[in-house]
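Here are some exercises to work through with the model open in your viewer. Try each task before you read its solution.

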Amino acid sequence: MEHCEICHQPVAHTLRSTARGRTGIACSGTSCGGRIVHAKCANLAGPVLEALTGGSNLGLFWFCERCRRHPERRVLAERNRHQELTELSAIRVLAAKMVESVDENLNHVRCLVRGEEDSGGKEDKACQWPEVEPELPPLPAEIWQSVFRHLAEADLLRVRSTCRRWRDMLEGCTALREKFLPRFPKGVLIDGNYAPQFLFPAASNIFFGNARIFECVLGALLVMLRETPNLKETSWNDVMLDTVEGCSEVDFRLNQMEKFIFKGDRDAKVLSVMEKLCPNLKILLINSDELSDADMGRAVSFVTSVQKTLETLQITVTDSAMEQLLKLDQLSLKQLLLDGDEITDKSVAVDFCRQIPSIKGLHLQSGFSLRGSDLKELGESLPNLECFSTHFPHQMQILPTFLAHLPTSLRHLALVGDNEERHTIEFTAANVGQGCPHLTHLALHEIILPGDSLQQLTAKSPQLTSLTLETVDIRDWPALYAAFAELSSLVRIHLSLVNTQETVTEGGNVFNELPNVKFLKLNYCDFDEEELAALLGVLPNLQQLKLFNMYEKVSDDVLGMICRKFKRLSELKIVGCSLTPAQERLIYAELGGALRSLVISENRHNCD
């Protein structure tokens, strides 16, 4: 009689509901010698238990605590190698039969059509339906998608044409959709003789990157686009187009096109072409800071032509372009990212946004840095605003009284100071007012926070789940912890280039734990070893930890705390820090078996 290694009670070998919890599960690792435990002791859910013991042969493994915590464990793979190869061969055979069945059915349809035209409806024996149809098992979509991944692009096209269910399976899988993404090689020369490969009607996305398009290209380009009626997205990245002559002769439309992206500093003649082709565009991103007056006119004309359907707009404008945009009266945008090139009166952004009360996401770049009074008026004009980011003007004192005038629907807020001379913003109970009571994400960049400013701001945003401080100066680390203490719902913390103005000499500070925080990222922060340990000590349930460029701060004591305290850690990245071989071995030994992702690198370029 076998016994559970945890509770030492007898192990059952049945899946009856009355004995389900006592069913024995054998560990697949080698460190423990294949110990057996009860399903109940291993906390295994019913579907997982059935998959492991029900003979379904899904290739699942279960590891006990000992094997998960030791990197030297190895899956007993040798005895399963033949089975894995057999299953892979079976999948390939099934895929081949499926394609053969599709070909037979399509051939039959072609024969019927040809027979009706040529033989008066008499059907050739070679064109008859097969007497015995291959039986395809009623598998779930995930299994079919795994089968489809073994097929070539041409075979996937035939599968896609078989039925709606298979078409939806293909289009619902990102990995399979990538096979329908034509990418033109970098530096390719596209002219009248260029013949692209795999440009088929099922394509939903085309990417032109660093291409040179010359001489009679418009005709060739239109021929290519005509063959992709299902195209939904096109990216145009730093491409040279020599002429748009003949653009008025476009006699077809890409009615399903929803997104067009233009990037680069070269001419934007293609905008005139896409304006003719895309009458139903929803997303238009024009990422270029150096458009000529003629190209800026093309950009504004494009926006004008799709203003009825456009939902997202990103554009950098001049004074003259802004005047033209102010004349549009049918825009109903949901997302707007606006930047300016030497704008004379930046408050014109308020006039433009006032005409579009439907805006939910507004991002004003440095070209449209607004004063506090303009921000107040802007907040009162957008009742549906949920996400807002803004830059503050250079060398101007900012009073945060505008926060009280932002709509209560606001969930995301980002405030960015000047990167040359940081703004000092003092948040107080008086100037913050009611604040942003429903805010969930807060990001502060290039700002100095004196005294308890951060605590005053977070106290008015009790529902914050994410806090980002980047290039921010605070009074001291206790001031930061005091701000954290106001946020019982905080889940994510990102601190980058955060410095303190004062040094705390007295010790003994006790801070409350933050049990909901799951993510912590530190980059170039001036913690000392004790302060870093104190921060980690109040985060008992951390699941993702990223320490970037913390240099000598990651000591033996800090690593010991990480290995002992964070039993639920699934991702650990230590980049730009010099760890000794002994420290690396400690991490691998204690956490290597349980971590889903582990990165240790001295290369600072590996930071994300």
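**Exercise 1. Find the strand that holds His494, decide whether His494 is buried or exposed, and list its contacts.**

Step 1. His494 sits in strand β18, residues 492-500; helices (H or I, at least four residues) and strands (E, at least two) are DSSP runs, numbered from the N terminus.

Step 2. Because its relative accessibility is 19%, His494 counts as buried. The classes are buried under 20% relative accessible area, exposed over 50% and partly exposed in between, with a 1.4 Å probe and protein chains only.

Step 3. Beyond its neighbours within four places in sequence, His494 is in contact with Leu467, Thr468, Leu469 and Lys521; contact means heavy atoms within 4.5 Å.

A word on the source: this is a predicted model, where local features need pLDDT of at least 70 and side-chain atom pairs count only at pLDDT 80 or more, while totals for chains, interfaces and linings use all residues. Residues are numbered from 1 along each chain as its sequence is written, and side-chain values use heavy atoms, with hydrogens and water left out.

**Exercise 2. Do the same for Thr471: which strand holds it, and which residues does it contact?**

Step 1. Thr471 belongs to strand β17, residues 466-474.

Step 2. With a relative accessible area of 10%, Thr471 is buried.

Step 3. Leaving out neighbours within four places in sequence, the contacts of Thr471 are Arg422, His445, Glu446, Ile447, Ser496 and Leu497.

**Exercise 3. Check the length of helix α10, then work out where its buried residues lie around the axis.**

Step 1. Helix α10 covers residues 293-305, which makes 13 residues. The expected span is 1.5 Å times one less than the number of residues. That gives 18 Å for α10, and its end C-alpha atoms are 18 Å apart, so the two agree.

Step 2. Asp295, Met296, Ala299, Val300, Phe302 and Val303 are the buried residues of α10. They cover an arc of only 155° around the axis, which puts them on the same side of α10; the arc is that of the directions from the helix axis to the C-beta atoms.

Step 3. A general point helps here: an α-helix has 3.6 residues a turn, so residues three or four places apart point the same way.

Step 4. The cover over the buried residues of α10 includes β8 (259-263), α9 (270-277), β9 (283-287), β10 (312-317) and α11 (319-325).

**Exercise 4. Look at Leu271: which residues does it touch?**

Step 1. Leu271 lies in helix α9 and is buried, with a relative accessible area of 0%.

Step 2. Not counting residues up to four places away in sequence, Leu271 touches Phe260, Phe262, Ile286, Asp295, Arg298, Ala299 and Phe302.

Step 3. For a distance check, take the C-alpha atoms of Leu271 and Ser301: they are 30 residues apart along the chain and separated by 8.8 Å.

**Exercise 5. Which residues of helix α6 are buried?**

Step 1. In α6, residues 164-171, the buried residues are Trp166, Met169 and Leu170.

Step 2. Seen down the axis of α6, these fall within an arc of 95°, so they line one face of the helix.

**Exercise 6. How many cavities of 30 Å³ or more does a search of the whole structure find?**

Step 1. The search finds two. On a 1 Å grid over the protein atoms alone, a cavity is a set of points where a 1.4 Å probe fits but cannot get out, and lining residues have an atom within 4 Å of a point. Grid points are joined across faces, edges and corners, and a volume is the space filled by probe spheres set on the points.

Step 2. The largest cavity holds about 40 Å³ of space. Its lining includes Leu449, Asp452, Ile474 and Arg475. The elements giving two or more residues to this lining are α15 (453-459) and α16 (477-485), and α15 provides the largest share, three residues.

Step 3. The second largest cavity has about 30 Å³ of space. Among the residues that line it are Ser288, Met296, Thr316 and Asp341.

Terms used: On a 1 Å grid over the protein atoms alone, a cavity is a set of points where a 1.4 Å probe fits but cannot get out, and a pocket is an open set with protein on both sides within 12 Å along at least five of seven lines; lining residues have an atom within 4 Å of a point.
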